[in-house]
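Please find below a colleague's note on the structure shown here. The points are numbered so that each may be taken up separately.

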Amino acid sequence: PFEPENNLGEQFRIVLCETCGARTYYRLSVDVSYVDGPTDRFYGITGLIDATSTELNRMIYLGASTWQVYTIRDYDYKESILKELNTNATGYLNPSTASNHLELEVKPSAQPNLVDVYFRINGAVMYVLYSQPAVPTQAGLGMSFHSMTVTYDNFEYEELEGK
(Lines give C-alpha, C1' and ligand atoms only; values in the text may rest on other atoms or scores of the structure.)
Protein backbone atom coordinates (compact mmCIF):
# COMPACT_ATOMS: atom_id res chain seq x y z
CA PRO A 1 0.00 0.00 0.00
CA PHE A 2 1.11 3.53 -0.75
CA GLU A 3 0.93 6.30 1.82
CA PRO A 4 -1.30 9.30 1.06
CA GLU A 5 0.42 12.42 -0.25
CA ASN A 6 -0.31 16.04 0.66
CA ASN A 7 -0.55 17.08 -2.98
CA LEU A 8 -3.53 15.45 -4.71
CA GLY A 9 -1.82 15.91 -8.06
CA GLU A 10 0.89 13.48 -6.91
CA GLN A 11 -1.42 10.69 -5.74
CA PHE A 12 -0.57 8.53 -8.75
CA ARG A 13 1.87 5.66 -8.13
CA ILE A 14 3.87 3.73 -10.72
CA VAL A 15 5.76 0.45 -10.56
CA LEU A 16 8.09 0.35 -13.58
CA CYS A 17 8.96 -2.92 -15.25
CA GLU A 18 12.72 -2.48 -15.02
CA THR A 19 13.48 -5.89 -16.54
CA CYS A 20 11.36 -4.96 -19.59
CA GLY A 21 13.76 -2.15 -20.42
CA ALA A 22 13.03 0.70 -22.80
CA ARG A 23 11.53 -0.24 -26.14
CA THR A 24 9.98 1.68 -29.02
CA TYR A 25 7.37 -0.96 -29.90
CA TYR A 26 5.87 -3.25 -27.28
CA ARG A 27 2.78 -4.91 -25.88
CA LEU A 28 1.97 -4.98 -22.17
CA SER A 29 -0.95 -6.84 -20.63
CA VAL A 30 -2.09 -7.91 -17.18
CA ASP A 31 -5.14 -9.22 -15.36
CA VAL A 32 -6.23 -6.90 -12.54
CA SER A 33 -8.68 -7.55 -9.71
CA TYR A 34 -9.95 -5.34 -6.91
CA VAL A 35 -9.48 -6.82 -3.42
CA ASP A 36 -10.23 -4.21 -0.75
CA GLY A 37 -10.52 -0.50 0.06
CA PRO A 38 -12.28 2.47 -1.53
CA THR A 39 -14.06 1.64 -4.78
CA ASP A 40 -13.89 5.08 -6.41
CA ARG A 41 -10.28 4.72 -7.57
CA PHE A 42 -8.50 3.39 -10.63
CA TYR A 43 -5.82 0.72 -11.04
CA GLY A 44 -4.16 -0.41 -14.25
CA ILE A 45 -1.16 -0.12 -16.56
CA THR A 46 1.13 2.65 -17.77
CA GLY A 47 3.22 3.27 -20.86
CA LEU A 48 5.15 5.86 -22.89
CA ILE A 49 7.25 6.67 -19.83
CA ASP A 50 10.33 8.60 -21.00
CA ALA A 51 13.33 6.32 -20.66
CA THR A 52 15.95 9.03 -21.23
CA SER A 53 15.12 11.28 -18.28
CA THR A 54 15.71 10.85 -14.56
CA GLU A 55 12.47 12.77 -13.97
CA LEU A 56 9.01 11.61 -14.92
CA ASN A 57 8.05 13.85 -17.86
CA ARG A 58 5.16 11.99 -19.44
CA MET A 59 3.07 8.87 -18.99
CA ILE A 60 -0.13 7.36 -20.37
CA TYR A 61 -2.46 5.33 -18.20
CA LEU A 62 -5.26 2.81 -18.69
CA GLY A 63 -7.13 2.41 -15.43
CA ALA A 64 -10.16 0.33 -14.43
CA SER A 65 -12.46 0.65 -11.43
CA THR A 66 -14.94 -1.58 -9.64
CA TRP A 67 -17.77 0.60 -10.98
CA GLN A 68 -17.21 -0.70 -14.55
CA VAL A 69 -15.68 2.65 -15.51
CA TYR A 70 -12.32 2.99 -17.23
CA THR A 71 -10.09 5.99 -17.81
CA ILE A 72 -7.34 6.66 -20.33
CA ARG A 73 -5.15 9.59 -19.35
CA ASP A 74 -2.09 11.36 -20.71
CA TYR A 75 0.00 12.85 -17.88
CA ASP A 76 2.39 15.61 -18.99
CA TYR A 77 4.37 16.28 -15.81
CA LYS A 78 6.76 18.66 -17.55
CA GLU A 79 3.91 21.05 -18.48
CA SER A 80 1.68 20.11 -15.49
CA ILE A 81 -1.15 19.02 -17.80
CA LEU A 82 -3.46 16.04 -17.38
CA LYS A 83 -5.46 15.13 -20.49
CA GLU A 84 -8.46 12.85 -20.15
CA LEU A 85 -8.24 11.01 -23.46
CA ASN A 86 -11.23 8.77 -22.84
CA THR A 87 -13.35 7.94 -19.79
CA ASN A 88 -16.41 5.77 -20.05
CA ALA A 89 -18.82 3.53 -18.23
CA THR A 90 -19.11 0.45 -20.37
CA GLY A 91 -20.18 -3.15 -20.30
CA TYR A 92 -16.64 -4.18 -21.28
CA LEU A 93 -15.40 -4.16 -17.67
CA ASN A 94 -16.28 -6.85 -15.19
CA PRO A 95 -17.68 -5.43 -11.92
CA SER A 96 -16.48 -5.55 -8.33
CA THR A 97 -13.79 -8.18 -7.57
CA ALA A 98 -13.98 -9.86 -10.98
CA SER A 99 -10.75 -9.86 -13.00
CA ASN A 100 -10.24 -7.63 -16.05
CA HIS A 101 -7.60 -8.04 -18.75
CA LEU A 102 -5.92 -4.70 -19.62
CA GLU A 103 -3.63 -4.30 -22.60
CA LEU A 104 -1.53 -1.48 -24.03
CA GLU A 105 0.15 -1.92 -27.41
CA VAL A 106 2.63 0.55 -28.92
CA LYS A 107 2.87 -0.16 -32.67
CA PRO A 108 4.47 1.54 -35.68
CA SER A 109 2.25 4.23 -37.18
CA ALA A 110 1.55 4.59 -40.88
CA GLN A 111 3.70 7.73 -40.73
CA PRO A 112 7.47 7.37 -40.29
CA ASN A 113 9.03 7.98 -36.85
CA LEU A 114 5.66 7.80 -35.09
CA VAL A 115 3.77 5.17 -33.08
CA ASP A 116 0.10 4.48 -32.41
CA VAL A 117 -0.98 3.28 -28.98
CA TYR A 118 -3.88 0.83 -28.66
CA PHE A 119 -5.77 0.46 -25.36
CA ARG A 120 -7.76 -2.76 -24.87
CA ILE A 121 -10.00 -4.03 -22.10
CA ASN A 122 -10.96 -7.72 -22.11
CA GLY A 123 -9.98 -7.93 -25.78
CA ALA A 124 -11.93 -4.91 -27.06
CA VAL A 125 -10.19 -1.75 -28.33
CA MET A 126 -11.34 1.19 -26.20
CA TYR A 127 -9.17 3.93 -27.70
CA VAL A 128 -6.25 4.57 -30.07
CA LEU A 129 -3.77 7.38 -29.45
CA TYR A 130 -2.32 8.17 -32.87
CA SER A 131 0.96 9.73 -34.03
CA GLN A 132 3.16 9.78 -30.96
CA PRO A 133 6.97 10.13 -31.22
CA ALA A 134 8.69 6.79 -31.90
CA VAL A 135 11.24 6.75 -29.08
CA PRO A 136 12.19 4.12 -26.50
CA THR A 137 9.81 4.25 -23.53
CA GLN A 138 9.09 2.17 -20.46
CA ALA A 139 5.93 0.57 -19.14
CA GLY A 140 4.57 -0.71 -15.86
CA LEU A 141 1.68 -0.82 -13.42
CA GLY A 142 -0.18 2.17 -12.01
CA MET A 143 -2.59 3.01 -9.23
CA SER A 144 -4.56 6.17 -8.52
CA PHE A 145 -4.59 7.38 -4.93
CA HIS A 146 -4.05 5.12 -1.91
CA SER A 147 -5.69 2.81 0.67
CA MET A 148 -6.78 0.27 -1.94
CA THR A 149 -5.60 -3.29 -2.52
CA VAL A 150 -5.65 -4.89 -5.99
CA THR A 151 -3.96 -7.93 -7.49
CA TYR A 152 -2.03 -8.09 -10.73
CA ASP A 153 -1.70 -11.49 -12.40
CA ASN A 154 -0.59 -12.96 -15.73
CA PHE A 155 1.72 -10.02 -16.49
CA GLU A 156 2.98 -10.16 -20.08
CA TYR A 157 5.45 -7.92 -21.85
CA GLU A 158 6.84 -8.41 -25.33
CA GLU A 159 8.89 -6.29 -27.67
CA LEU A 160 7.26 -5.87 -31.08
CA GLU A 161 9.08 -5.57 -34.38
CA GLY A 162 9.17 -2.24 -36.19
CA LYS A 163 8.48 -1.71 -39.87
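**Core packing and ring contacts**

1. Leu 62 is a suitable place to begin. Neighbours within four places in sequence set aside, Leu 62 makes contact with Tyr 43, Gly 44, Ile 45, Tyr 70, Thr 71, Ile 72, Leu 102, Glu 103, Phe 119, Arg 120 and Ile 121. The reader should bear in mind that this is a predicted model.

2. Leu 62 also belongs to the largest nonpolar core, which has 34 residues. The members with the most contacts inside this core are Leu 62 itself, Ile 45, Leu 104, Val 117 and Phe 119. Strand S2 supplies the largest share of the core, namely five residues.

3. A second core, separate from the one above, consists of seven residues. Among them are Phe 12, Phe 42, Ile 49 and Tyr 75.

4. The number of aromatic pairs in the model is three. One of them joins Tyr 75 and Tyr 77, with 5.7 Å from centre to centre and 10° between the planes. This pair is classed as stacked, because planes under 30 degrees apart meet that description. The two partners may also be described by their accessibility. Tyr 75 has a relative accessibility of 9% and therefore counts as buried, the cut-off being under 20%. Tyr 77, at 22%, counts as partly exposed.

5. Which arrangement is found for the rings of Phe 119 and Tyr 127? Their centres lie 6.1 Å apart and their planes meet at 50°, so the pair is tilted. Phe 119 counts as buried, with a relative accessibility of 0%, whereas Tyr 127 reaches 23% and counts as partly exposed. Phe 119 was already named among the residues with the most contacts inside the largest core, and Phe 119 is in contact with Leu 62 as well.

6. A charged side chain is also placed against a ring. Lys 107 lies over the face of Tyr 118, at 4.4 Å from the ring centre.

7. The last point concerns Ser 33, which is found in strand S2, residues 26–36. Is Ser 33 buried or exposed? Its relative accessible area is 13%, so Ser 33 is buried. Residues up to four places away in sequence not counted, Ser 33 touches Thr 97, Ala 98, Ser 99, Val 150 and Thr 151. Ser 33 and Tyr 152 are separated by 119 residues in sequence, yet their C-alpha atoms are 6.7 Å apart in space.

Methods
Residues numbered from 1 in each chain as written. Predicted model: local features only at pLDDT ≥ 70, side-chain atom pairs only at ≥ 80, totals over all residues. Heavy atoms only, no water. Phe/Tyr/Trp six-rings, centres within 6.5 Å; stacked < 30°, edge-to-face > 60°. Buried < 20%, exposed > 50% of the residue type's maximum accessible area, 1.4 Å probe, protein only. Lys NZ or Arg CZ within 6 Å of the ring centre and 35° of its normal. Helix = DSSP H or I, 4+ residues; strand = E, 2+ residues; numbered from the N terminus. Contact = heavy atoms within 4.5 Å. Core = buried A, V, L, I, M, F, W, Y, C linked by side-chain atoms within 4.5 Å.
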